[in-house]
Amino acid sequence: TMTVIREICSEEIPVLDDFLYEAIFIPKGVEPPPRSIIEQEDLQVYVRGFGEEPHDHCLVAEVDGKIAGAVWVRIMNDYGHVDDQTPSLAISLYPEYRGQGIGTQLLNQMLDMLRRKGYPQVSLSVQKENYALRMYQKAGFETVEERGEEVLMVVMM
C-alpha cells in the first residue's frame with residue numbers, strides 16, 4: 001500500500017469533523033460518546049472555520065487514494081493552549097489505519113513544515129493512557145504540565 005502525505009484541499013476540510021471525533025480518547029471498556037459530542041464548544045474550536053486563519057495548517061495521509069488520517073494545527077484556546085503564538089496540534093487516524101506508523105509520518109511532516117515556517121514551538125494535550133503519548137515523546141515533545149489524567153506537552157523547534 002502506498003501512503004502519501006499532503007496538504008489538505010479546501011473541499012476536504014469537512015473530513016476534519018471525522019478526525020476530531022476519532023481524536024477523542026476512549027479508555028478500554030468505555031462506551032464511545034455519540035458523534036454529536038463534536039458540536040460542543042470546547043471541541044468546535046479545533047475545526048470551526050478551519051483554513052480561514054493564517055495559522056491553520058493541515059496535512060492528510062492518503063492510503064491507496066483514501067484519506068486515512070489528518071494532523072492539523074491552529075492557534076486556539078484549546079486544551080493544549082500555551083500562548084497566542086504557539087499552535088496547538090491535533091492528530092488522528094481512522095481506527096483501521098492505526099499502529100502502522102502513519103501517525104508518526106504525519107506528525108514528523110507537520111513538525112518539518114512548521115519548522116520551515118518559523119514557528120518556535122508547538123503544543124498539545126494528551127491523556128496519559130493514550131498510546132499516542134509515546135509517539136509524541138519520540139518526536140521530541142516534553143511534558144510541561146500535569147493536569148490530572150492529561151499532560152500538556154510542548155516541542156521546541
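**View 1. How much of the protein chain is buried.** In this predicted model, 46% of the 157 residues of the protein chain count as buried. The chain holds 4 helices and 7 strands, and from the N terminus on they run β-α-α-β-β-β-α-β-α-β-β. The radius of gyration is 15 Å, close to the 15 Å that the globule rule gives for 157 residues, so the chain is as compact as a globular protein of that length. Laid along its principal axes, the C-alpha trace spans about 40 × 40 × 30 Å.

**View 2. A close look at helix α3.** Helix α3 takes in residues 102-116. With 15 residues at 1.5 Å each, α3 should span 21 Å, and its end C-alpha atoms are indeed 21 Å apart, so the two agree. Just past α3 comes Gly118, and its phi is positive, near 90°.

**View 3. The buried residues of α3.** Look for Ile102, Gly103, Leu106, Leu107, Met110, Leu111, Met113 and Leu114: these are buried in α3. They cover an arc of only 165° around the axis, which puts them on the same side of α3. As for the spacing, an α-helix has 3.6 residues a turn, so residues three or four places apart point the same way.

**View 4. Into the largest pocket.** About 1200 Å³ of space lies in here. The lining counts 46 residues, and the closest to the pocket's centre are Ala23, Phe25, Ile91, Asn130 and Ala132.

**View 5. What lines the largest pocket.** Helices α1 (15-22), α2 (41-44), α3 and α4 (132-138), along with strands β4 (88-93) and β5 (121-127), each chip in at least two lining residues. Sorted by class, the lining has 25 nonpolar, 12 polar and 9 charged residues.

Note on methods:
Residues are numbered from 1 along each chain as its sequence is written. This is a predicted model: local features need pLDDT of at least 70, side-chain atom pairs count only at pLDDT 80 or more; totals for chains, interfaces and linings use all residues. Side-chain values use heavy atoms; hydrogens and water are left out. The expected span of a helix is 1.5 Å times one less than its number of residues. Buried means under 20% relative accessible area, exposed over 50%, partly exposed in between (1.4 Å probe, protein chains only). The arc is that of the directions from the helix axis to the C-beta atoms. On a 1 Å grid over the protein atoms alone, a cavity is a set of points where a 1.4 Å probe fits but cannot get out, and a pocket is an open set with protein on both sides within 12 Å along at least five of seven lines; lining residues have an atom within 4 Å of a point. Grid points are joined across faces, edges and corners, and a volume is the space filled by probe spheres set on the points. Ala, Val, Leu, Ile, Met, Phe, Trp, Tyr, Cys and Pro count as nonpolar, Asp, Glu, Lys and Arg as charged, and the others, Gly among them, as polar. The radius of gyration is taken over C-alpha atoms; the globule rule is 2.2 Å times the number of residues to the power 0.38.
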